[in-house]
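Suppose that a learner and a teacher sit down with a set of coordinates and ask, feature by feature, how each should be read.

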Amino acid sequence: MADNELVAFRKRWKEELELKKKHQQLVCVPPLSRDVPAQSAQKESKNRYFVDSEQHSSKALSPLRPEESEKGRVGEVEQSEDQPEYVSIARGLLNGRTSPLLDRIQEEKTRRKRQYNSINTACNTILQQDNPLKKVTKNEKLVDQFIQDLNEVNDIPFFDIELPYELALKIFQYLTCAELGRCAQVSQAWRVLAEDDGLWFKMCTREGYHQNASMSDSPCWKSTLRDCRFSAKAVRTNWKSRVGSISQLQFELGKVLCDVSTCDKFVLAGYTSGDVRLWDTLHWDSTASYLKTNGLSGNSDPRPFVTHVQVNNTVAAAAYEDGCVDLWSTETGGEPIQHYQSPGAIQVMALSPDSPVLGSVTGPNIRLDHANDQGYWRTLHQAQLPKNVEGLVLVPGRGSEHPLAALRAGESVYLLDPREEKPWTIHSVYGHPVTCLDTSDCHVAFGVKRAGWAMHDGGNKIHVCSLETGKPVACVGGSPGDFTCINLKDAPPHLLVCGNKDRRVRVFDLRTASSVASLYAHHLGVTAVQADDWKIVSGGGEGLVCVWELRMRAKLWEMHNRHPVRHVRFNTSTLVTANIPDDKSPRGACITDDDLTAHRRHRGVICHYDFSEDASSQDHVLAICRSDYIESHGYNYNIGLVVPYDRLAGSHPSH
């Protein structure tokens, strides 16, 4: 409240107190008798007080003159005599008017005062008839007056004030779904605000649904959000119960799987035959699935192996053992859109998850290529490190013009920015090599191996540094085994998930640098791991894929294949796992077979799990499992399904 409003309020309050004192001096309490003039005098004194107090309040609220306000008030009283007391309140709540509400406030005050006077008169009449000698004390009058004042305060509807529609939406956008539902029950105006389509559209995108949608894509975003929540709940139930479909992605029969990469709906695989296959799991009949190799690698005999593959939503890349690199468009497929030859074999290759930026490593040499707005590829930056590069990760969210790469080489971790001439070191400790690396949009995490006397300091550690400053943020771990894999960019906020050779999957809280969970998973070491807000999927060297619930720290289910799990990637409803053999040149189907056709047990496998199917659907259940006792035979299995009493009676034809 401003200073001038506070002064006016105090002045008006003092005037009301002085007026009340004058009336108390002029008006005396009449004796309790049966004559009507005494009751009418008491009623007139109370009405005079209320009318005077209303005049003072109306002077402060209304710019009209006292004569005009008095005439309007008399007219309101005459109109409200024929209506119940709740009509004005209900009408105001249903209409949802955004006016100052002075008329409705005055009308409700007058109605409540008339009701109070009538009830008080009836009570006094009853008391006088029962006990004519009892007198009304001053304390009772003060209590009644206090109750009346409280009723006047409650009459003011504070929630129905004059606000612009846009400002009200700004306030409502901070509410949750449950709070919006409660607000919709207040009045019609609040219901219109609470069911505004813009609020539910923002809430839908805020929760991760339909991120790329526009406002006009759905006629009712409230219903869309409800359906998305029901679908997400059903998918989570299917995840926990392992209900869905599973398919094995096989392309080159007789050849060995070399590398696998996934991104959303795309799965990219390279084989020892030199072929590269792209699957679009959303549109299985997509023409972009057929990728052709370049003329140089395709005409050579034998064709070189595919050593590395990478894919994102727009670009697919493959590197061969002869140093060639091909890039394709995931939309068109077919011929490569870019090809270049490196002086040596590609040891490490990485593709940015959200931009067309490709990084490749040959020994100590690093090369960054990117596509401009017209789609033409060019070399963005080249650098050289003192040691051979063993790991390369491109930081997400940096764009194609200014990418940032994290590299590990021996005992050092570097950050490579194309705007700078040389990479800058963020970690380097002699005799403590870096074993694994991962980045998020603001941090980089890497595992450091300790040996000798350093093992007494707590064992192997995981260091987390800031990408902006390069300074350490947290140091977690303390395991005797080497850390083999880290998942930082997909993990929940402030959490880090990693795998170790000591057979355990560990979860750390970066805020407190403490361990959240330690899961005994794979007896040959953990090779791949990924986590989200409620589950962890891990793969081991023995070929086992395990799904864990993070909160309960319990294993939900597992799947086993022959070869080590080299790749694990999942989203909301799908999971892709790749079991890649260590031996890329096995013998044939038999000992005497000298051709290069590998037996099926040596090829490796890619499994695609889809948990988006409805759990209530019976399509995934075999027909024989849905048979009942009424039918006399199975569907196509010629199995007699008989009721027990039929078997005892021997009435079945098979007996």
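The dialogue below goes from the whole chain to its core, its cysteines, its salt bridges, one loop residue and a surface patch.

Q: What kind of model is this, and how are residues and atoms counted?

A: This is a predicted model, in which local features need pLDDT of at least 70 and side-chain atom pairs count only at pLDDT 80 or more, while totals for chains, interfaces and linings use all residues. Residues are numbered from 1 along each chain as its sequence is written, and side-chain values use heavy atoms, with hydrogens and water left out.

Q: How many helices and strands does the chain have, and what share of its residues is buried?

A: Helices (H or I, at least four residues) and strands (E, at least two) are DSSP runs, numbered from the N terminus; here the chain has 13 helices and 31 strands. Buried means under 20% relative accessible area, exposed over 50%, and partly exposed in between (1.4 Å probe, protein chains only); of the 655 residues in the chain, 44% count as buried. Accessible areas come from the Shrake-Rupley method with a 1.4 Å probe, and for residues only the protein chains shown count as cover; the accessible surface of the chain comes to about 36600 Å², with 54% of it belonging to carbon and sulfur atoms.

Q: What share of the contacts joins residues at least 24 apart?

A: A contact means heavy atoms within 4.5 Å. Among contacts in the chain between residues at least 6 apart in sequence, 46% join residues at least 24 apart.

Q: Which residues have the most contacts inside the largest nonpolar core?

A: In soluble globular proteins, nonpolar side chains tend to be buried together. A nonpolar core is a set of buried Ala, Val, Leu, Ile, Met, Phe, Trp, Tyr and Cys residues joined through side-chain atoms within 4.5 Å. The largest one here has 17 residues, and those with the most contacts inside it are Val 497, Val 505, Val 507, Val 529, Ile 536 and Trp 548. The elements that give two or more residues to this core are strand 22 (495-500), strand 23 (504-509), strand 24 (514-520), strand 25 (526-531) and strand 27 (544-549). Leaving aside residues up to four places away in sequence, Val 497 touches several residues, including Val 505, Val 507, Val 529 and Ile 536.

Q: How many disulfides does the structure hold, and why does Cys 204 form no bond with Cys 228?

A: A disulfide is a pair of cysteine sulfur atoms within 2.5 Å, and the structure holds zero of them. The closest cysteine sulfur to that of Cys 204 is in Cys 228, and because the distance is 4.7 Å, it is too far for a bond. Cys 204 is buried at 0% relative accessibility, whereas Cys 220 is partly exposed at 31%.

Q: How many salt bridges are there, and which parts of the chain does the pair of Glu 195 and Lys 222 tie together?

A: Side chains of opposite charge can pair when their charged atoms come close. A salt bridge is a side-chain nitrogen of Lys or Arg within 4 Å of a carboxyl oxygen of Asp or Glu, and the structure holds 19. In the bridge between Glu 195 and Lys 222, the closest N and O atoms are 3.8 Å apart. Glu 195 lies in the loop between helix 9 (188-194) and helix 10 (197-206) and Lys 222 in helix 11 (residues 221-241), so the pair ties together parts that are 27 residues apart in sequence. Glu 195 is partly exposed at 37%, Lys 222 is partly exposed at 33%, and a network of salt bridges links Arg 191, Glu 195 and Lys 222.

Q: Is Asp 438, the partner of Lys 489 in a salt bridge, buried or exposed?

A: Asp 438 counts as buried at 4% relative accessibility, while Lys 489 is partly exposed at 39%. The closest N and O atoms of this salt bridge are 3.2 Å apart. Lys 489 lies in the loop between strand 21 (483-487) and strand 22 and Asp 438 in strand 17 (residues 434-439), so the pair ties together parts that are 51 residues apart in sequence.

Q: Where does Val 395 lie, and which residues does Val 395 touch?

A: Val 395 is in the loop between strand 13 (391-394) and strand 14 (405-409), and is buried with a relative accessible area of 2%. Not counting residues up to four places away in sequence, Val 395 touches Leu 404, Thr 439, Ser 440, Asp 441 and Leu 467.

Q: Which residues make the nonpolar surface patch?

A: Patches are made of residues with over 30% relative accessible area and no salt bridge, like charges being joined within 9 Å and nonpolar side chains (Val, Leu, Ile, Met, Phe, Trp, Tyr) within 5 Å. Leu 6, Phe 9, Trp 13 and Leu 17 make a nonpolar patch of about 370 Å². Leu 6 is in helix 1 (residues 3-26) and is partly exposed, with a relative accessible area of 32%.
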